Amino acid sequence: KLVKLLNRSGSYVLLRDVNNESHFNVPMSILDIEGLDTFIIVYKEKSIKTKLLKNTKAISIKGPYWNGIQGVKYLKILNNTNCLVIVRGISQSSIVFPIREMIRNNNKVFVFLDSGNIKTDYALDFLKDDLVIIKGNVYEDRDKIRELIQNNNIKLVFSAASDLVHA
């Protein structure tokens, strides 16, 4: 039943080793679901909390939660227009469901993809839709992004990246 509830934009769960206290909970965006009993997450071992998950024998899952995206209500009402998704690194995990929603609402979707430090574009493996993919660096290609918005009449920009990118 949990997997069915996670099949929407902004879905995430809290994970931790069952032997650790609740303050070791780590929020994880749901990348995708498979069937009725499997959800897919991708994470980078960076902090003490994510490093503790690596050799875990049993994981506690708390959720579902759905407020992982601000402005999700706009995804539901936007249709027949052009959208831009800007994504960097591990934040790719949060773009699959929103892009599917944009496509379902008959929007043309441009994706500015910066693989960042992870050096892989794994989200594209889960997106079989007709997308316009532009690869670049969000820090160095700001003019390119600005031109993309102006030249394509973009009505919605969906940004998935660390706070540093949004500064």
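Strand 7 (residues 108-114) and strand 8 run parallel and are joined by 4 bridges, where helices (H or I, at least four residues) and strands (E, at least two) are DSSP runs numbered from the N terminus, and where two strands count as paired if DSSP finds at least two bridges between them. The model is a predicted one, in which local features need pLDDT of at least 70 and side-chain atom pairs count only at pLDDT 80 or more, whereas totals for chains, interfaces and linings use all residues. Residues are numbered from 1 along each chain as its sequence is written, and side-chain values use heavy atoms, with hydrogens and water left out.

Within the pairing of strand 7 with strand 8, F110 has V132 of strand 8 as its bridge partner. Both strands belong to an open sheet of 4 strands, ordered 8-7-6-9, in which the pairing is parallel. The edges of this sheet are formed by strand 8 (132-135) and strand 9, each of which pairs on one side only. From one strand to the next the twist averages 20 degrees, with axes taken as lines fitted to C-alpha atoms, for helices over the stretch in contact, and with angles running from 0 to 180 degrees between N-to-C directions. Helix 4 (residues 96-104) packs on the sheet and touches strand 6 (82-88), strand 7 and strand 9, its direction making about 160 degrees with that of strand 7; contact here means heavy atoms within 4.5 Å. Helix 5 (residues 142-151) likewise packs on the sheet, touching strand 6, strand 7, strand 8 and strand 9, and its direction makes about 160 degrees with that of strand 6. In the loop between strand 7 and strand 8 lies K119, which has a positive phi of about 60 degrees although it is not a glycine.

A further open sheet consists of 3 strands in the order 2-1-5, with antiparallel pairing. Strand 2 and strand 5 (59-65) stand at its edges with a single partner strand each, so that one side of each is left without a neighbour in the sheet. Neighbouring strands of this sheet are turned against each other by 30 degrees on average, direction ignored. Between strand 1 (residues 12-17) and strand 2, the antiparallel pairing extends over 4 bridges, and L15 has V26 of strand 2 as its bridge partner. Strand 5 contains P64, and the peptide bond from G63 to P64 is cis, with omega near 10 degrees.

Salt bridges, defined by a side-chain nitrogen of Lys or Arg within 4 Å of a carboxyl oxygen of Asp or Glu, number 5 by this rule. D32 forms a salt bridge with R100, in which the closest N and O atoms are 2.8 Å apart. This pair links distant parts of the chain, with D32 in strand 3 (residues 32-34) and R100 in helix 4, 68 residues apart.

Empty space was analysed on a 1 Å grid over the protein atoms alone, a cavity being a set of points where a 1.4 Å probe fits but cannot get out, and a pocket being an open set with protein on both sides within 12 Å along at least five of seven lines; lining residues have an atom within 4 Å of a point. Grid points are joined across faces, edges and corners, and a volume is the space filled by probe spheres set on the points. The largest pocket has a volume of about 1000 Å³ and is lined by 32 residues, of which R88, I90, S91, A161 and S162 lie nearest its centre. Two or more lining residues are given by each of strand 2 (26-29), strand 9 (154-160) and helix 6 (163-166), and the largest share, 4 residues, comes from strand 2. By class, the lining of this pocket has 13 nonpolar, 15 polar and 4 charged residues, where Ala, Val, Leu, Ile, Met, Phe, Trp, Tyr, Cys and Pro count as nonpolar, Asp, Glu, Lys and Arg as charged, and the others, Gly among them, as polar.

The structure also holds 1 cavity of 30 Å³ or more, and about 60 Å³ of space lies in the largest cavity.
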